[in-house]
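I opened the notebook with two topics to look up: a strand and its neighbours, then a contact between chains.

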There are 4 protein chains.
Amino acid sequence: MIVVMQPKATPEQVRHVMDRVEEMGLAPHVIQGTERTVVACVGDERLKSAERLAVAPGVEKVIPVLARYKIASREARPEPTVIPLGTGSVGADRVALIAGPCAVEDRASLLEIAAAVREAGAVGLRGGAFKPRTDPYAFQGLAEQGLEFLAEAREATGLAIVTEVVAPEHVPLVARYADVLQVGTRNMQNFALLAAVGGAAKPVLLKRGMSATLEEFLLAAEYVLACGNKQVILCERGIRTFERATRFTFSVAAIPALKHMTHLPVIADPSHATGRADLVEPVSRAAVAAGADGLLLEVHPDPENALVDGAQSITPEAFGRLVASCRKVAEAVGRSL
Amino acid sequence: MIVVMQPKATPEQVRHVMDRVEEMGLAPHVIQGTERTVVACVGDERLKSAERLAVAPGVEKVIPVLARYKIASREARPEPTVIPLGTGSVGADRVALIAGPCAVEDRASLLEIAAAVREAGAVGLRGGAFKPRTDPYAFQGLAEQGLEFLAEAREATGLAIVTEVVAPEHVPLVARYADVLQVGTRNMQNFALLAAVGGAAKPVLLKRGMSATLEEFLLAAEYVLACGNKQVILCERGIRTFERATRFTFSVAAIPALKHMTHLPVIADPSHATGRADLVEPVSRAAVAAGADGLLLEVHPDPENALVDGAQSITPEAFGRLVASCRKVAEAVGRSL
Amino acid sequence: MIVVMQPKATPEQVRHVMDRVEEMGLAPHVIQGTERTVVACVGDERLKSAERLAVAPGVEKVIPVLARYKIASREARPEPTVIPLGTGSVGADRVALIAGPCAVEDRASLLEIAAAVREAGAVGLRGGAFKPRTDPYAFQGLAEQGLEFLAEAREATGLAIVTEVVAPEHVPLVARYADVLQVGTRNMQNFALLAAVGGAAKPVLLKRGMSATLEEFLLAAEYVLACGNKQVILCERGIRTFERATRFTFSVAAIPALKHMTHLPVIADPSHATGRADLVEPVSRAAVAAGADGLLLEVHPDPENALVDGAQSITPEAFGRLVASCRKVAEAVGRSL
Amino acid sequence: MIVVMQPKATPEQVRHVMDRVEEMGLAPHVIQGTERTVVACVGDERLKSAERLAVAPGVEKVIPVLARYKIASREARPEPTVIPLGTGSVGADRVALIAGPCAVEDRASLLEIAAAVREAGAVGLRGGAFKPRTDPYAFQGLAEQGLEFLAEAREATGLAIVTEVVAPEHVPLVARYADVLQVGTRNMQNFALLAAVGGAAKPVLLKRGMSATLEEFLLAAEYVLACGNKQVILCERGIRTFERATRFTFSVAAIPALKHMTHLPVIADPSHATGRADLVEPVSRAAVAAGADGLLLEVHPDPENALVDGAQSITPEAFGRLVASCRKVAEAVGRSL
């Protein structure tokens with residue numbers, strides 16, 4: 001941590017900051033610059049509420065040096081975390097495909113989609129039983145019945161079940177049926193929920209908050225890790241920007257940037273990121289080219305009649321074509337799919 | 001809803017869209033333009049998942065006409081909603097002041113702050129007992145003991161207690177102590193929590209999500225209203241933008257814009273919006289000048305030692321000055337404070 | 001400047017950084033932290049291209065300490081800069097009003113508007129003779145004839161003329177007619193234009209780029225100042241964010257934040273910021289309450305027939321009401337208008 | 001264009017809107033909805049300043065139906081525009097590589113870089129002779145001497161010269177030396193400059209404004225096209241968002257989205273988009289996988305000593321590796337490189 005003093009800071013003010021820094025258990029080093037005095041603080045600043053030094057008299061600003069996540073960092077664990085998923089895994093050489101409808105609508109269509117995506121190469125089946133909807137008048141999901149249908153689809157296909165949990169008290173129920181607990185973008189900083197999935201025995205798929213920085217994203221992952229659950233899959237799903245040609249702005253650079261920062265696997269959700277079926281395939285190819293460990297995709301046999309997010313769902317046929325083209329890209333970057 | 005067809009859409013594709021629109025219970029009107037055919041749909045489009053028409057063959061885009069919130073709209077209720085708060089109210093002529101520490105730290109300091117802000121003119125006491133923190137290693141709050149301290153402060157001062165609830169299962173507990181249930185910016189789209197506070201008998205202070213549009217903000221309020229709780233206070237607290245000179249970007253225009261859209265009271269949180277103690281007073285004045293029904297402010301006797309958000313807390317003395325200057329501005333715009 | 005080394009940086013890499021820092025004429029101070037070594041660099045880092053140290057072996061990141069503007073800074077000049085404007089000034093106690101049509105459309109209407117805004121209290125007349133339009137098929141302005149009409153309006157009213165210049169080669173022409181040269185938001189980093197107005201003998205009204213940080217805004221002002229023109233008026237006019245309820249997001253906190261950073265006067269443009277006539281008055285009040293030194297407003301007698309930006313123009317009657325309410329707010333904050 | 005009336009709009013207000021629409025040469029169609037009346041307007045709305053209808057009495061909002069660009073649209077020209085570039089072209093099957101230093105620094109290093117990138121497969125040489133810098137104290141370029149060095153490098157290598165022009169009056173000079181005139185992100189809406197390059201006989205490489213929507217980007221291209229220059233290359237170079245882990249946010253989805261909207265070729269600039277040498281290769285692969293027609297890359301033999309943008313420059317060796325890996329990706333998506 002670096003404390004930058006104001007140009008006219010007095011020696012007493014510098015002394016006061018040094019005292020405070022020492023009270024925090026850090027060692028202050030004063031450097032007299034030509035225009036500013038700075039106090040460099042040595043020690044683990046992550047455990048301190050250092051920001052409050054910003055209001056000490058004579059302080060201009062406080063600049064943190066260390067990222068605030070630890071367990072999630074590459075430094076803490078140089079080798080990549082690999083998380084088993086159905087017949088495959090996430091984080092190893094093979095790019096993992098997780099596909100399915102946005103929401104579980106009925107038993108028959110779910111089984112049909114599951115068989116189709118399995119056939120095309122998926123290792124995971126996605127589908128929401130509890131749907132957090134922006135619009136209170138929209139379809140909210142089938143709840144436990146949806147989970148039962150998902151479990152049945154697993155029986156039939158061997159696909160791992162990835163489904164969202166939206167409230168801490170649902171975690172035991174969802175964990176009974178699901179293989180991976182998904183935390184949605186609107187809940188990335190729902191700390192009660194992060195604590196609940198952090199105590200579960202199933203891997204967590206954590207979606208990036210739509211306005212979360214990469215550091216905040218890793219701090220949310222850290223929350224889960226610190227609660228004891230070491231199996232966290234990160235998912236870039238687009239951030240909110242001024243652009244409206246796509247629903248969100250997919251940050252493809254976030255994939256390699258995260259890989260530098262953390263050992264956790266990173267997957268991509270081109271369906272939610274773009275909100276447009278016609279862009280799902282090129283963005284999927286881009287994600288794989290940039291090093292994504294997996295893809296999370298919305299597939300529906302009849303997007304026009306999908307109860308949720310039809311505009312961004314692709315048909316099983318389109319999914320088959322997407323898999324074929326992404327496989328070539330995966331091979332071009334030294335991986336399989 | 002307006003469905004815009006692609007330039008080369010066939011008559012069959014237009015017919016198909018009309019059929020779909022009729023299946024939704026809406027009446028389609030076809031207009032042949034010089035470059036595009038559009039299908040205007042008459043009826044209450046809010047109850048339909050109209051977006052999926054975007055994937056019908058030959059469709060270029062679907063443009064909604066109506067905002068998707070209803071109960072929250074000015075149209076549904078032209079007169080303003082006024083919500084009682086301690087010895088005052090929010091939404092009437094007098095601008096309501098709610099002030100206190102970010103987090104409840106201990107009994108003595110809370111009582112001291114409560115007395116000071118009461119003296120300066122506040123009608124509500126804010127203070128977090130459950131703190132959702134981005135950083136898993138930061139102070140998380142005193143939980144029920146914090147609520148007890150808050151209740152004691154109410155006894156001593158008559159201030160209404162405004163405190164955050166972070167999980168659906170905490171709602172009954174918090175509602176037992178608090179006068180207003182606060183839903184934080186990171187939970188604005190935590191629909192399980194919205195449903196829980198929607199079922200409570202206490203008013204809800206709903207903070208704008210840091211990346212929520214005004215329409216999404218009102219849809220979150222609608223969620224609470226649709227669950228039966230008609231007492232929702234909206235709070236502009238800054239949105240996330242590229243600017244870093246302030247912690248968030250306070251959108252002062254959101255205040256009058258919301259007033260056009262909804263009958264619900266709108267307050268402002270200059271402390272979180274700016275993250276800088278030196279900007280709290282001018283931004284508070286601006287909020288009052290723009291028509292805010294109240295201010296939510298962080299006050300701490302010793303910001304340098306605050307456990308949470310010290311950098312944005314002001315002292316009771318500074319709060320007194322702020323109240324004096326905001327009172328003049330309130331009077332300049334025909335209100336009191 | 002602080003150079004943060006990677007956790008496994010070698011002594012040779014640290015040595016190499018120190019050598020480079022010395023080559024730049026700065027003095028390096030090495031601090032061995034518990035997790036990182038940092039090299040604090042003393043001297044005027046603003047003249048160096050220090051960022052390239054980021055690619056030196058073993059370097060994790062480079063953190064600048066000093067803002068890169070100098071002449072524009074409060075440090076360089078603690079007292080506020082006051083710029084004469086017609087019968088008044090910008091930057092002194094009285095809040096300056098600059099009003100007029102977005103574009104100069106014809107002689108008669110310009111003279112009518114000028115008389116009306118003068119009567120209501122304006123000291124400056126705005127109006128574009130050269131209109132930079134996003135849309136190549138939109139009205140582009142009257143050019144020199146527009147300037148002549150503006151000069152005639154000055155003769156008739158005593159109002160100072162504020163008009164935009166869009167190309168370096170137009171600067172002599174526009175400076176011949178205008179009292180203040182406006183640089184628009186889309187040209188804030190048009191450095192050829194900044195250099196040209198920096199060499200002119202007329203004050204410059206510099207609008208904030210719609211995606212410029214405050215530091216970048218002040219660097220653009222610095223560009224003009226460094227070219228010799230010391231009369232720069234800064235104008236907050238809204239930044240681009242995800243919100244679409246308003247055309248841009250007016251950052252009211254930017255006003256007091258800039259006042260801390262610089263001695264230059266800061267005015268606000270609520271018309272372009274909101275793009276909505278119904279929000280211009282409340283946002284104007286907010287700007288004055290936050291400390292703005294002036295307001296730049298679009299006024300048109302018949303907004304429905306305005307050739308440019310009708311949706312955000314207010315009528316002379318509405319302007320009169322705005323002036324009355326802003327005057328009360330100005331007085332509430334210890335100023336006049 | 002769709003005009004949505006307020007819920008309580010009177011028949012006279014609707015009549016007034018219809019009259020105005022007719023005055024614009026459009027045909028109004030009134031549709032009585034259950035909650036709103038809308039007026040659908042048939043005809044070419046692009047030539048009208050339709051937005052001003054938003055201030056007509058009783059109007060709630062105006063929704064445009066058509067995009068405002070015409071010549072740039074796919075509809076106007078279904079087949080892709082292919083622009084010759086040195087020994088190759090942009091917009092055809094082969095992905096074009098344009099590489100070189102950010103700024104031309106001296107003759108020797110430029111010739112060295114040119115030879116190296118030619119050897120690795122580039123068809124174009126980039127390098128700035130006029131540098132628009134945010135910081136007035138930074139290196140501003142060698143001007144005409146830089147252009148001479150570039151021309152010499154073309155002689156030596158056969159590479160096409162791509163260089164930025166920053167002021168309208170420089171266009172003839174730069175066009176004398178360069179093969180492609182680059183318009184930078186900060187000048188995307190410098191309409192005087194767009195008009196100047198629109199009148200030149202050389203292709204234009206237009207960089208996306210850092211806060212420009214795709215529609216605004218195409219309107220800027222339309223400006224150039226409307227001035228008579230049909231050879232415009234679009235370049236996605238990252239947009240400004242809240243994220244700071246990368247300098248800008250590279251929008252990979254913009255590539256296929258633009259391809260749907262326009263016939264113009266689309267290239268990518270991973271160097272400026274990320275600002276980080278370590279992310280240039282993965283983002284380049286992603287751009288190619290998403291369908292980019294070319295890459296614009298910063299290459300410098302000694303990034304640590306580059307005068308400009310060293311942090312994002314890669315060495316010729318790294319460029320060679322990037323070309324090899326991007327070539328495989330290009331082949332995976334059915335193209336060459």
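Which residue stands opposite C:Ile233 in β12(C)? I found C:Leu205 there. I keep in mind that this is a predicted model.

**Entry: the pairing with β11(C).** I looked up the strands next. Strand β11 (residues 204-207) of chain C pairs with β12(C) in the parallel sense, over four bridges. I then followed the chain from β11(C) to β12(C) and passed through helix α6 (residues 214-226) of chain C. This β-α-β crossover is right-handed.

**Entry: the pairing with β13(C).** Strand β13 (residues 266-268) of chain C also pairs with β12(C) in the parallel sense, here over three bridges. C:Ile267 in β13(C) stands opposite C:Cys235. With helix α7 (residues 254-261) of chain C, β12(C) and β13(C) make a β-α-β unit, and I noted it as right-handed.

**Entry: burial of β12(C).** Is strand β12 (residues 232-236) of chain C largely enclosed or not? Five of its five residues are buried, so I put it down as largely enclosed by the rest of the structure. I checked the directions too. C:Ile233 and C:Cys235 point one way from β12(C), while C:Val232, C:Leu234 and C:Glu236 point the other way, and all are buried.

**Entry: chain D against chain A.** I counted the contact: 36 residues come from chain D and 36 residues from chain A. On the chain D side, α7 (254-261), α8 (270-274), α9 (277-289) and α10 (316-332) each supply at least two residues. The largest share, eight residues, comes from α9(D). I sorted the chain D side into 20 nonpolar, ten polar and six charged residues.

Note on methods. Residues numbered from 1 in each chain as written. Chains lettered and ligands numbered in written order. Predicted model: local features only at pLDDT ≥ 70, side-chain atom pairs only at ≥ 80, totals over all residues. Contact = placed C-beta atoms within 7 Å. Nonpolar A, V, L, I, M, F, W, Y, C, P; charged D, E, K, R; others polar. Buried ≥ 20, exposed ≤ 12 C-beta atoms within 10 Å, placed from the backbone. Pairing = 2+ DSSP bridges. Right-handed = clockwise from strand over helix to strand, strands pointing away.
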